[in-house]
Amino acid sequence: MLYACFMTSQAPIDALIDSLTPQQQIAQRLIVGTGGGDEAPLSPTAQHFLTLGVGGLILFRNDVEPFATAAECATWIKGLREQCLGLWVSVDQEGGFIERLPSRWFPSIPSPRAIGEAVRASASSQRGYSTDVAAEAADWLGFYLERLGIGMIMAPTLDVNTEATNPVIGVRSYSDDAETVVNCATVALERFKARNLIAVGKHAPGHGSSTLDSHATLPTLHPTAEELGVFQRLAPQCQALMMAHAHYPNLQAGEALSLPATLSPSVRSLIRNEWGFEGVLITDDLCMGAITQAYSAIESARQAVTAGMDILLYRDAGPDQWTVLEALTDDLTSGRMDATAHRESLRRILTLKQSTQSALPNPTTVAQLFNPASLAAISDSLADRTLTVQTPWPSNESGEAIANKGSWWVIEPDRSNIPQYANEADTATLAQHLMDAGVPVGHSVTYNVTAPWKSPIDCLPENTAILWVSHAPHDAGFRENFVAWLNLFGPSVTIIQVDAGLPLTGVAPGTHLYSGTYRTPNIAALAQRLAPWMAPEKDSVWTGETFDWESILAADPHALDDDATSSD
């Protein structure tokens with residue numbers, strides 16, 4: 001059990017450091033996962049870390065999914081923090097598809113990109129440019145996280161997403177526009193801090209230009225001066241920064257091409273000396289492929305400490321992490337570790353802990369605050385306000401909306417194929433929501449986002465209308481096949497695109513909406529926004545015809561050779 005003066009803001013930091021054993025000091029520089037499973041929420045190793053006094057725990061969806069209510073989760077978090085005084089309980093809760101806490105008992109926040117697009121669109125509104133929706137989203141997020149007992153959020157993302165097909169950042173970034181990122185991140189950081197929540201800006205020095213996923217491999221990046229400038233402007237506002245697992249030749253002169261920024265003294269020097277950042281430096285997860293493909297657990301840990309990282313982050317809590325603890329403890333006691341730098345890291349960590357310690361969660365209060373009606377109202381309002389029309393609705397010469405007299409094809413991702421959405425409480429498709437709103441949906445097609453697009457039919461009736469919802473904008477092969485299919489039908493097809501990333505190119509002009517995520521509140525908001533235009537006269541009836549094209553084609557490759565599937 002850690003020294004109780006963690007809870008006393010006046011306790012001298014150096015006295016606190018001296019009260020810790022070398023092993024406890026190293027433990028304070030680690031944030032680990034729970035390592036839990038179906039039988040126990042904490043692995044034996046994670047329990048050992050808690051007993052020793054680990055710096056923090058990071059929660060993932062599998063950790064909190066078993067809890068039926070927020071009050072149950074709050075009770076669990078309260079117990080963790082009582083076991084380990086000063087424990088940082090942290091979570092990746094960026095919004096959009098990066099939401100670890102389930103929407104059945106936690107508000108669903110739009111993706112940062114959806115927020116950024118709404119902020120950009122506000123410039124042309126009567127009210128004028130406003131970051132209110134970014135501030136409100138962060139405020140609600142901070143409010144509920146604090147009440148739950150979570151003290152650290154691995155957000156906001158400060159990257160400028162300059163690469164449209166970026167597989168690792170994408171909609172996690174507020175924008176491809178630097179000023180939008182700065183403006184949205186600034187208000188988010190302010191609101192998080194006001195809620196006594198430690199915000200970890202990421203991924204320094206910039207991950208927005210990547211075409212590779214650092215969860216699997218090490219990207220080599222060349223960020224522009226503008227991208228670097230965003231981090232330099234925002235770093236002083238952050239209490240903590242997370243490093244990127246990428247190599248930056250222009251910033252790492254003389255260092256090996258296999259050396260990520262996380263392990264780089266040169267990048268640390270840039271951040272500390274040129275950007276003037278004085279807060280806590282945290283690695284990205286050291287279990288990611290960009291690290292493990294080149295370094296053992298002990299090698300990467302030692303290199304990170306040598307490079308000046310204050311905290312080492314691991315999504316796991318197993319034998320490798322305990323071995324790291326023992327190796328670093330041995331380095332400290334034997335003199336192989338720079339004792340002065342180590343003490344400076346501990347000062348930064350413990351000073352931040354003392355200044356941000358919050359009260360333990362009250363499960364009774366949580367049960368009252370986390371009620372379904374309130375959560376739904378917040379989620380639905382934010383979803384509606386961050387649904388942005390990028391291009392005008394199709395119209396005729398008189399400027400009135402064109403009412404399609406036939407039925408619509410609604411083509412959307414199968415959420416059961418998307419891990420981030422597979423556990424949604426409401427599994428209704430957009431087509432079903434539109435049907436409930438009176439839209440004449442003749443065909444509902446869900447596609448597997450992990451497989452190439454397969455053409456469901458080779459011809460469509462005149463004046464067909466298609467509503468297409470995108471996923472995985474970096475999947476170029478899928479998009480090329482889909483565009484080729486759409487172009488079979490020429491200009492007689494009316495197309496509405498709803499995307500969570502990159503709009504289609506190479507198709508006839510149509511209406512383009514930006515949604516940014518595919519969670520239930522966003523689907524409902526889409527249906528409410530689209531229904532008045534798609535079904536102003538409601539003169540067609542839903543036929544109930546829904547197709548699982550892959551199963552049909554597997555059973556009979558020629559099943560769709562004619563127009564038998566048309567409901568007209």
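This section describes the fold, the burial and selected side-chain contacts of a predicted model.

The chain has 568 residues, of which 56% are buried. Its secondary structure comprises 20 helices and 17 strands. Contacts were considered between residues at least 6 apart in sequence; 78% of them join residues at least 24 apart. The accessible surface of the chain is about 21,800 Å². Carbon and sulfur atoms account for 51% of that surface.

An open sheet is built from 8 strands. Their order is β9-β8-β7-β6-β3-β2-β1-β10, and the pairing is parallel. The edges are formed by β9 (280–282) and β10, each of which pairs on one side only. In general, the strands of a sheet pair through backbone hydrogen bonds, in either a parallel or an antiparallel manner. At the β10 edge, strand β1 (residues 30–32) runs parallel to β10 and is joined to it by 2 bridges. Leu30 has Leu312 of β10 as its bridge partner.

The loop between α12 (297–307) and β10 (312–313) contains Gly308. Gly308 counts as buried because its relative accessibility is 15%, below the 20% cut-off. Leaving aside residues up to four places away in sequence, Gly308 touches Arg268 and Leu281. Leu281 falls within the edge strand β9 (280–282). Ser264 lies 44 residues from Gly308 along the chain, yet the two C-alpha atoms are separated by 8.3 Å.

Helix α6 (residues 112–121) is mostly covered, with 8 of its 10 residues buried. The buried set consists of Pro112, Arg113, Ala114, Ile115, Gly116, Glu117, Ala118 and Val119. Charged residue types are thus represented, including Arg113 and Glu117. Both helices and strands contribute to the cover over these residues. Among the covering helices are α7 (132–148), α8 (178–194) and α16 (372–385). The covering strands include β4 (93–95), β11 (388–389) and β16 (511–514).

Aromatic side chains form 12 pairs in the structure. Ring pairs link Phe106, Trp140, Phe143, Tyr144 and Phe370 into a cluster. Trp140, Phe143 and Tyr144 of this cluster fall within α7 (132–148), one of the elements covering α6.

Charged groups also sit over aromatic rings. The charged end of Lys353 lies over the ring of Trp88, at 5.0 Å from the ring centre. For Arg415, the charged end sits over the ring of Tyr518, and the distance to the ring centre is 5.7 Å.

Key:
Residues numbered from 1 in each chain as written. Predicted model: local features only at pLDDT ≥ 70, side-chain atom pairs only at ≥ 80, totals over all residues. Heavy atoms only, no water. Helix = DSSP H or I, 4+ residues; strand = E, 2+ residues; numbered from the N terminus. Buried < 20%, exposed > 50% of the residue type's maximum accessible area, 1.4 Å probe, protein only. Contact = heavy atoms within 4.5 Å. Areas by Shrake-Rupley, 256 points an atom, 1.4 Å probe, with all protein chains shown as cover. Phe/Tyr/Trp six-rings, centres within 6.5 Å; stacked < 30°, edge-to-face > 60°. Lys NZ or Arg CZ within 6 Å of the ring centre and 35° of its normal. Pairing = 2+ DSSP bridges.
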